[in-house]
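This briefing is meant for a reader who is meeting the structure for the first time. Please keep the sequence and the 3D view open while going through the points below.

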Amino acid sequence: MASPTTDPLLLFRQSIRTSSRIVPVASAESNDEVALSQATNLVFSDEGKRVVLPVDVQSRFMSSEGNLIDLRSIYFAWVNRDITIPEYNAAAEKLNEELAGGKGVHKFPFVERLNLIAWLEGAGEDTEYIKPLVGGDARKGEEGGKVEKVGDDGGVKKERRGKGTLDPRLAQIYEGERRMGDRNSVLRGIKPTDFSHIRKLAAQFMTRKPTGGSGDIRSSTNISNNPSLALNQKPARRPDPIILLSPSASSLLRMSNAKAFLEGGRYTPPDHSTPPTMLAVSRIIKDMDPNRPIRFILVEGPENFRPEYWNRVVAVFTTGQTWQFKSYKWTNPVELFKHVQGVYLGWRGEQPPESVRAFGHKVLACSVEKWRDPGQPGAEQSRWRDREVVESIWKAIETNMRAKGWRKDAAPTSI
């Protein structure tokens, strides 16, 4: 694994934070930008420092299939972060054709892609897809990319980052990282501990033969295969819950205004600009985790869902139009809302459509004041009820989540 001075993800994140350029180049010595299909390295530059990493170096981002993702795929996903999923997939296929004979880029599913972009933008420290840096190995710095300092004369002074000092900016990032302990540090506490009796016990289990078996020591008595005896088990990370919005043009809540409404508690009409394909909103749910907000993923359609993603859906916004559900796991809305909390958002003073009422009691019908131009007298004062509406929506979602088995560190296996 790369040292902290050359960790691809941390370098990428720091460059984004400081608005520094990340340039694909044809060789480690070049500074001329080339197409990604022709690039062999990426150059990170910030405040006179130059770091060069190969495009095929593996990062700590692990896909759902358990594969570590290379730097080329990370860069490609970042520069195409604002395009729709079909456009992104088409661009990835085109690039892979240009890379014929070489390794192609990884096509991130929409949840992986959202987690990656959110992490790179600094939205949070924890994600289920990024492996943590091991505390000891991360600070050895024995592996190094080429770190070069640009001189006053425009020349490049090459330095080898080995066991030298850590970049102060990266050191600041590491101070915010969660420290991971190994088996010894967890058991040791603050006093020296004699582990001889533990090693003896482990040796007994690892060499004991099963009764009535074939004598193979790789049995259920092996301490490494026995979950009740494992000393360094890592609990599974709870995945992010998903909220589906209606893609209908008549919906009052779209991707362009959902974040401001659900997080900020104020309604504004959706605009006609090109909206993102995914959003993340955060919400403190005290019954689950009073200290850290839960991140919810917002999308308008399940076209890129994997089957297991449906267990993470906690709410569906609807306008009452049944065509919305044609690609859902449950295409019958009455059946759908037996599994998922439904939400209809309309104008105050107007009745919900008959179709919404026919969907059943699991669809919460709520309404906001009709939008008025902010320049009109009293327009701002009319929005004071928006937060009350938002709280009622979140209350329904949270109640449904608890009933389905969502916990601080666990998600339901089925809904």
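Ala315 stands opposite Gln341, a residue of strand 12, and this pair is a convenient place to enter the structure. The model is a predicted one, and its secondary structure comes to 12 helices and 13 strands. Of the 415 residues in the chain, 44% are buried. Among the contacts with a separation of 6 or more, 58% are made by residues 24 or more positions apart.

**Strand 12 and its two partners**

- Strand 12, which covers residues 341-347, is mostly covered, with 6 of its 7 residues buried.
- On one side, strand 11 (residues 313-317) runs parallel to strand 12 and is joined to it by 3 bridges.
- Strand 13 (residues 363-368) also pairs with strand 12 in the parallel sense, here over 6 bridges, and within this pairing Gly346 stands opposite Ser367 of strand 13.
- As general background, side chains in a regular strand alternate between the two faces of the sheet.

**The sheet as a whole**

- An open sheet is formed by 6 strands in the order 9-10-8-11-12-13, and the pairing in this sheet is mixed.
- Strand 9 (279-285) and strand 13 stand at the edges with a single partner strand each, so one side of each of them has no neighbour in the sheet.
- Direction ignored, neighbouring strands of this sheet are turned against each other by 25° on average.
- Elsewhere in the order, strand 8 (residues 242-244) and strand 10 (residues 289-299) pair in the parallel sense over 3 bridges, with Val299 in strand 10 as the bridge partner of Leu244.
- Helix 4, made of residues 110-120, lies across strand 8, strand 9 and strand 10, and runs at about 125° to strand 10.

**Helix 1 against helix 2**

- Two packed helices are in general described by the angle between their axes and by the distance between those axes.
- For helix 1 (residues 8-17) and helix 2 (residues 71-79), the angle is about 25° and the axes are 11 Å apart.
- Angles under 35 degrees count as roughly parallel, and helix 1 and helix 2 are therefore roughly parallel to each other.
- The crossing in which helix 1 passes helix 2 is right-handed.
- Where the two meet, helix 1 contributes Pro8, Leu9, Phe12 and Ile16, while helix 2 contributes Leu71, Ile74, Tyr75 and Trp78.
- By class, this contact of helix 1 with helix 2 has 8 nonpolar residues, no polar residues and no charged residues.
- Helix 1 is mostly covered, since 9 of its 10 residues are buried, and the buried residues include Arg13, Gln14 and Ser15 as well as Leu10 and Leu11.
- Just after helix 1, Ser19 takes a positive phi of about 55°.

**Two residues in the loop between strand 1 and strand 2**

- Ala26 is found in the loop between strand 1 (22-25) and strand 2 (41-46), and its relative accessibility of 42% means that Ala26 counts as partly exposed.
- Not counting residues up to four places away in sequence, Ala26 touches Asp32, Val34, Gln38 and Thr40.
- Ala26 and Leu42 are 16 residues apart in sequence, and their C-alpha atoms are 8.8 Å apart in space.
- Leu36 has its place in the loop between strand 1 and strand 2, and at 11% relative accessibility Leu36 counts as buried.
- Leaving aside neighbours within four places in sequence, Leu36 is in contact with Pro24, Arg72, Tyr75, Phe76 and Leu95.
- Leu36 and Pro24 lie 12 residues apart along the chain, with their C-alpha atoms separated by 6.1 Å.
- Tyr75 is thus one of the contacts of Leu36, and Tyr75 is also among the helix 2 residues that meet helix 1.

**A helix 12 residue and its contacts**

- Asn400 lies in helix 12, which covers residues 386-404, and Asn400 is buried, with a relative accessible area of 7%.
- Apart from its neighbours within four places in sequence, Asn400 is in contact with Val314, His339, Gln341 and Lys362.
- Gln341, named among these contacts of Asn400, is the strand 12 residue that Ala315 stands opposite, which brings the briefing back to its starting pair.

Conventions:
Residues numbered from 1 in each chain as written. Predicted model: local features only at pLDDT ≥ 70, side-chain atom pairs only at ≥ 80, totals over all residues. Heavy atoms only, no water. Buried < 20%, exposed > 50% of the residue type's maximum accessible area, 1.4 Å probe, protein only. Helix = DSSP H or I, 4+ residues; strand = E, 2+ residues; numbered from the N terminus. Pairing = 2+ DSSP bridges. Axes fitted to C-alpha atoms, helices over the stretch in contact; angles between N-to-C directions. Parallel < 35°, antiparallel > 145°, perpendicular 65-115°, else oblique. Left-handed = near helix turned anticlockwise from the far one by under 90°. Contact = heavy atoms within 4.5 Å. Nonpolar A, V, L, I, M, F, W, Y, C, P; charged D, E, K, R; others polar.
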